[in-house]
Amino acid sequence: MTGSARRIRANRGARASARFAAVLWIACALASCATFDPPKPWEKGDLARPSMRFDSDPPAAKATQHIYQSKEGAAGGGAVGGGGCGCN
Amino acid sequence: MQTWIRLVIAGALLIGASLAHAVRTGEPAPPLVLASASGETIDLARLRGRVVYVDFWASWCAPCRRSFPWMNGLLERHGGEGLVIVGVNVDKRRADADRFLRDVPASFSVVFDAQGVTPTAFDVKGMPSSYLVDRHGVVAMVEEGFHDDRRADIESRIRALLSQQ
């Protein structure tokens with residue numbers, strides 16, 4: 001085997017291990033997301049505060065949504081399900 | 001799929017299932033020892049022989065606001081027969097709970113658990129959640145949320161438990 005062929009092979013090996021390390025890093029990063037627990041039903045006090053609303057003025061938001069629906073001919077999608085209270 | 005991956009997934013599911021063990025009817029009630037506003041300690045184990053209605057509530061929970069007058073009425077109607085109502089507040093800030101109690105006074109015992117130890121032990125699934133504990137310390141009924149159409153059912157269940165010795 002010539003010197004240059006050996007160098008190419010060594011280079012290829014290094015690239016493969018770098019790819020493996022990258023995949024492992026991404027897998028670990030994604031897996032760490034699973035350690036975040038959503039708040040328990042009794043921990044939603046701060047989420048239920050008025051300042052946590054997406055819309056600052058509920059009646060105005062309702063009117064905007066109403067106009068949007070009539071213009072677009074489509075309803076829904078303007079809000080997220082469930083409030084801070086875990087009762088719905 | 002490789003065998004070891006399946007094993008890892010099965011193990012993770014098993015651990016997850018054992019951590020989140022909800023209290024079901026027919027099981028003994030988890031321990032509950034908490035202090036009230038007056039400093040009096042309420043111990044669920046020491047209420048053996050009474051029918052206890054444990055209600056987990058919070059100041060930010062809208063249905064709780066409606067459940068309090070009803071629970072006051074329950075105590076008025078059945079307190080003499082041995083019914084005890086324990087309202088467990090789970091607010092992080094005590095001032096929020098005090099403000100709620102000024103608006104919606106409670107004639108039953110209210111205890112405070114800002115650390116969330118008891119809702120964890122009961123594995124409360126929603127606010128409010130209530131647990132009816134019979135005279136032997138066994139959970140007879142688990143109620144999630146407060147629904148007006150459930151009032152009669154709960155009260156008849158309480159009446160049935162009170163008639164048992």
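## Fold of chain B

Along its sequence, chain B runs α-β-β-β-α-β-α-β-α-β-β-α. That gives 5 helices and 7 strands. The model is predicted. It scores ipTM 0.74 and pTM 0.74. For chain B the mean pLDDT is 89, and 87% of its residues reach 70 or more. Where pLDDT is low, the predicted coordinates should not be read in detail.

Sequence-distant pairs feature heavily here. Of the chain B contacts with a separation of 6 or more, 69% join residues 24 or more positions apart. Buried residues make up 31% of the 165 residues in chain B.

## The nonpolar core

The largest nonpolar core has 36 residues. Those touching the most other members are Val52(B), Tyr53(B), Val54(B), Ala58(B), Tyr131(B) and Val133(B). Six elements of chain B each give two or more residues: strand 3, helix 2, strand 4, strand 6 (129-133), strand 7 (139-144) and helix 5. Strand 3 supplies the largest share, 6 residues. In soluble globular proteins, nonpolar side chains tend to be buried together.

Take Tyr53(B) as an example. Neighbours within four places in sequence aside, Tyr53(B) contacts Leu74(B), Leu83(B), Ile85(B), Ser130(B), Leu132(B) and Ile158(B).

## Helix 2 of chain B

Helix 2 of chain B covers residues 62-78, 17 residues in total. From first C-alpha to last, helix 2 reaches 25 Å. The expected value at 1.5 Å a residue is 24 Å, so the two are close. Even so, the helix is not straight throughout: there is a bend of about 30° at Phe68(B). A proline, Pro69(B), follows within four residues.

Phe68(B), the bend residue, is also buried. The other buried residues of this helix are Cys64(B), Ser67(B), Met71(B) and Leu74(B). Their cover includes strand 3 (51-57), strand 4 (83-89) and helix 5 (151-163) of chain B. Leu74(B) is also one of the contacts of Tyr53(B).

## Chain A and its contact with chain B

Chain A has 2 helices and 0 strands. Buried residues make up 9% of its 88 residues.

The contact between the chains takes 10 residues from chain A and 16 residues from chain B. On the chain A side, 5 of the residues are nonpolar, 3 are polar and 2 are charged.

Note on methods: Residues numbered from 1 in each chain as written. Chains lettered and ligands numbered in written order. Predicted model: local features only at pLDDT ≥ 70, side-chain atom pairs only at ≥ 80, totals over all residues. Contact = placed C-beta atoms within 7 Å. Nonpolar A, V, L, I, M, F, W, Y, C, P; charged D, E, K, R; others polar. Bend = angle between axes of the 7 residues up to and from the residue. Buried ≥ 20, exposed ≤ 12 C-beta atoms within 10 Å, placed from the backbone. Core = buried A, V, L, I, M, F, W, Y, C linked by C-beta atoms within 7 Å. pLDDT = per-residue confidence, 0-100.
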